[in-house]
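Me: Could you take a close look at one part of this model for me, the protein surface that faces the DNA? I would also like to hear what lies behind that surface, in plain terms.

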2 protein chains.
Amino acid sequence: MLTERQRMILSAIIDDYVRSAEPIGSRSISKRGNVGFSPATIRNEMSDLEEMGYLEQPHTSAGRIPSHKGYRYYVDHLLQHGSLHSHDLDSMKGAFAERIQEMEGVIQHVAGMLSSLTNYTSIVLGPEVFSTTLKHIQIIPISDTTAVAILVMNTGHVENKTVTIPEGMPMSEIEKVVNILNTRLKNVPLVQFKSKLYNEISNELSKYVTGYQELLGMVESVLQSDEKDRVFLSGMTNMLTQPEFKDVEKVKSIFDLLEEAPTLIKLFTPSNEGIEIKIGAENSIEAISNCSLITASYSIAGTPLGTIGILGPTRMEYGRVIGLMEHLSKHMELVLGRWYGK
Amino acid sequence: MLTERQRMILSAIIDDYVRSAEPIGSRSISKRGNVGFSPATIRNEMSDLEEMGYLEQPHTSAGRIPSHKGYRYYVDHLLQHGSLHSHDLDSMKGAFAERIQEMEGVIQHVAGMLSSLTNYTSIVLGPEVFSTTLKHIQIIPISDTTAVAILVMNTGHVENKTVTIPEGMPMSEIEKVVNILNTRLKNVPLVQFKSKLYNEISNELSKYVTGYQELLGMVESVLQSDEKDRVFLSGMTNMLTQPEFKDVEKVKSIFDLLEEAPTLIKLFTPSNEGIEIKIGAENSIEAISNCSLITASYSIAGTPLGTIGILGPTRMEYGRVIGLMEHLSKHMELVLGRWYGK
DNA sequence: TTTAGCACTCACTAAATACGAGTGCTAACG
DNA sequence: CGTTAGCACTCGTATTTAGTGAGTGCTAAA
């Protein structure tokens with residue numbers, strides 16, 4: 001259990017360190033206006049805090065920096081929630097003024113806003129496959145051998161793919177298949193498509209048409225492509241401005257991670273409700289062991305749609321970022337809710 | 001005019017420098033197997049080459065590095081074309097083995113292959129707006145107030161957007177408008193859409209329907225979104241492995257450039273036929289003044305479709321990259337040609 | 001024309017020194 | 001007993017100095 005004074009000191013150290021990125025000494029804390037203690041007293045407390053694991057010393061004769069445990073305590077107990085600076089609110093209001101007419105546009109827009117406001121990297125996961133169901137499937141021929149398969153989802157998202165029509169399959173057969181797919185797959189969640197396609201429907205289709213196998217393959221490949229394109233990154237270069245990443249090696253490992261969508265998605269998977277904060281090693285990926293990741297899921301009518309995340313150094317403006325994310329995820333729910341049809 | 005020996009020396013220096021990224025001294029050239037001259041002789045020639053502007057000296061007591069002019073001469077006169085190393089061919093063959101069923105998939109695939117093969121950054125511009133025409137337009141209602149507008153292009157590319165239906169517009173009117181748009185805009189190149197929309201068709205539409213303005217706006221915004229999503233980047237992080245970019249500042253300015261699609265596209269605009277090589281300051285953008293950009297346009301049936309590019313340090317494996325690009329752009333034409341319908 | 005020889009340049013490295021921010025400990029103070 | 005002034009000590013960083021070596025330019029000889 002920390003005393004009130006220790007909490008104050010820990011809080012002050014984190015605030016200063018977030019700003020300066022350099023170890024904080026006892027004197028600079030003592031000089032703060034609202035602190036009535038000498039450097040010596042602060043030093044004693046700092047020594048205790050270090051012993052308890054909330055602070056670290058880069059080397060013997062340096063000031064202290066917060067440990068992961070220190071950040072964790074700060075986030076859990078010292079942060080007063082919900083206060084957003086007025087100029088942040090203003091710039092968001094300004095940015096939301098321009099109307100976006102496309103679902104993915106909103107998501108990208110939010111990602112851009114987050115990264116430019118915070119100077120960290122923002123990662124936004126688009127609507128998740130779980131809650132997405134098929135609304136409509138259609139195949140439009142382009143030439144004798146090619147067609148465009150179009151899948152319209154309930155979220156308004158449209159997936160399309162140019163496909164090759166199997167040799168010798170007449171248009172009438174294609175239409176038959178499309179009809180069957182339409183009636184049987186409507187409102188089926190994306191994740192269940194594959195099993196449903198192979199287990200239930202292939203039998204039924206075989207009664208009506210030949211060569212349905214190829215078409216099923218087509219549809220499935222359309223679905224597979226659905227996994228990508230759902231990660232929106234913004235402000236990658238912001239990483240480069242952080243002093244902790246002046247070393248190219250570290251940046252490279254992080255960028256490599258960001259370029260690889262699957263790993264990135266794995267980072268997010270246990271996305272519960274609300275805001276989640278992973279500090280340093282808590283997110284179990286070596287490359288970002290000195291980064292923090294703050295994620296917020298957004299949902300409509302109770303069903304989770306996706307996640308927005310901010311990746312920055314552990315030395316992060318937690319209060320501000322959390323405030324922004326709360327606000328933005330709420331706003332996203334509002335805007336996306338209109339498209340969702342309520 | 002360079003003597004044969006000078007050309008040999010210039011070529012040798014560039015070859016070595018490309019490999020080592022360090023200034024090349026006279027002795028190391030002299031030691032090469034096929035060179036029968038002493039370091040002193042080489043030095044004299046190097047001194048002459050420097051005076052002519054083909055070489056540079058980082059400082060007095062260092063070896064020489066190629067200047068932009070030197071690279072230019074190398075590319076223009078010393079490079080023997082068309083020889084591709086067999087293992088490059090093999091890895092490409094292997095990578096092309098997996099079938100891609102989507103137009104943009106091919107493009108991204110090629111971009112990935114280029115960057116992983118060369119260890120530079122690849123930039124691919126998708127099919128250009130000039131040669132793209134409308135094949136089909138359609139509006140699918142999702143709810144009372146929203147619909148998905150779908151535009152199918154002749155290239156097989158599909159652009160879609162969720163749009164809000166203007167208050168009080170009945171379905172029948174929407175259908176009327178769509179019909180008119182379909183008959184009048186079919187086969188119109190994308191670039192001419194805007195003028196055609198406003199000049200010719202708005203009159204005609206106003207006879208049949210009210211509120212056509214909103215719908216036109218919708219269609220136009222669909223078209224505008226066509227400009228983006230057409231730049232495919234791959235291997236950005238490869239930049240970080242190049243020794244010339246160990247300085248974070250330089251990397252940042254390049255990444256900032258790459259993140260901004262419009263500037264990037266501007267880089268490519270004067271895309272003639274065939275392969276184009278811009279060395280250093282030749283591409284007039286400060287951030288990449290010590291980069292080279294090699295671009296190749298690919299076309300089908302004579303009409304240019306897009307451009308693939310490789311961005312790397314001026315110290316680049318010109319011969320190999322050019323060979324790869326020639327091969328890949330040809331292959332892309334082949335594969336894309338199938339979709340284009342011959 | 002080519003080459004050996006040699007003095008010279010200059011970036012880079014390592015060791016030596018100085019500096020100073022910051023600590024830990026002790027003793028005195030209220 | 002908590003707080004604080006004083007002080008020796010630590011150790012990273014910056015600065016200086018000297019040394020090293022790769023590479024050059026020039027000259028004179030082959």
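Reply: Happy to help; here is a walk from the DNA surface into the interior.

Please keep in mind that this is a predicted model. Let us begin with DNA strand C, which has 20 residues around it. Those that come nearest are A:Gly25, B:Thr41, B:His59, B:Thr60 and B:Ser61, so you will want both protein chains on screen. Three elements give two or more residues to this surface: helix 2 (26-30) and helix 3 (39-52) of chain A, and helix 3 (39-52) of chain B. Helix 3 of chain A gives the most, with 4 residues. By class, the surface near DNA strand C holds 12 polar, 5 nonpolar and 3 charged residues.

Now turn to DNA strand D, which 20 residues surround. A:Thr41, A:His59, A:Thr60, A:Ser61 and B:Gly25 are the closest of them. Here the elements giving two or more residues are helix 3 of chain A, along with helix 2 (26-30) and helix 3 of chain B. The most comes from helix 3 of chain B, with 4 residues. The surface near DNA strand D divides into 3 charged, 5 nonpolar and 12 polar residues.

Further along chain A is helix 4 (residues 68-78), where A:Gly70, A:Tyr71, A:Tyr73 and A:Tyr74 are buried. They sit on the same side of helix 4 of chain A because they cover an arc of only 160° around the axis. As general background, an α-helix has 3.6 residues a turn, so residues three or four places apart point the same way.

Next comes the interior. The largest nonpolar core has 114 residues. Within this core, A:Val110, A:Leu114, A:Met325, B:Val110, B:Leu114 and B:Met325 touch the most other members. Leaving aside residues up to four places away in sequence, A:Val110 touches A:Val124, A:Ile308, A:Leu328 and A:Met332. There is also a second, separate core of 31 residues, including A:Ala149, A:Ile150, A:Leu181 and B:Leu181.

Finally, have a look at two strands of chain A. Strand 5 (residues 146-153) pairs with strand 6 in the antiparallel sense, over 7 bridges. A:Ala147 stands opposite A:Val163, which belongs to strand 6 of chain A. Strand 6 (residues 158-164) of chain A is mostly covered, with 6 of its 7 residues buried. In a regular strand, side chains alternate between the two faces of the sheet.

Methods: Residues numbered from 1 in each chain as written. Chains lettered and ligands numbered in written order. Predicted model: local features only at pLDDT ≥ 70, side-chain atom pairs only at ≥ 80, totals over all residues. Near = placed C-beta within 6 Å. Nonpolar A, V, L, I, M, F, W, Y, C, P; charged D, E, K, R; others polar. Buried ≥ 20, exposed ≤ 12 C-beta atoms within 10 Å, placed from the backbone. Arc of directions from axis to C-beta. Core = buried A, V, L, I, M, F, W, Y, C linked by C-beta atoms within 7 Å. Contact = placed C-beta atoms within 7 Å. Pairing = 2+ DSSP bridges.
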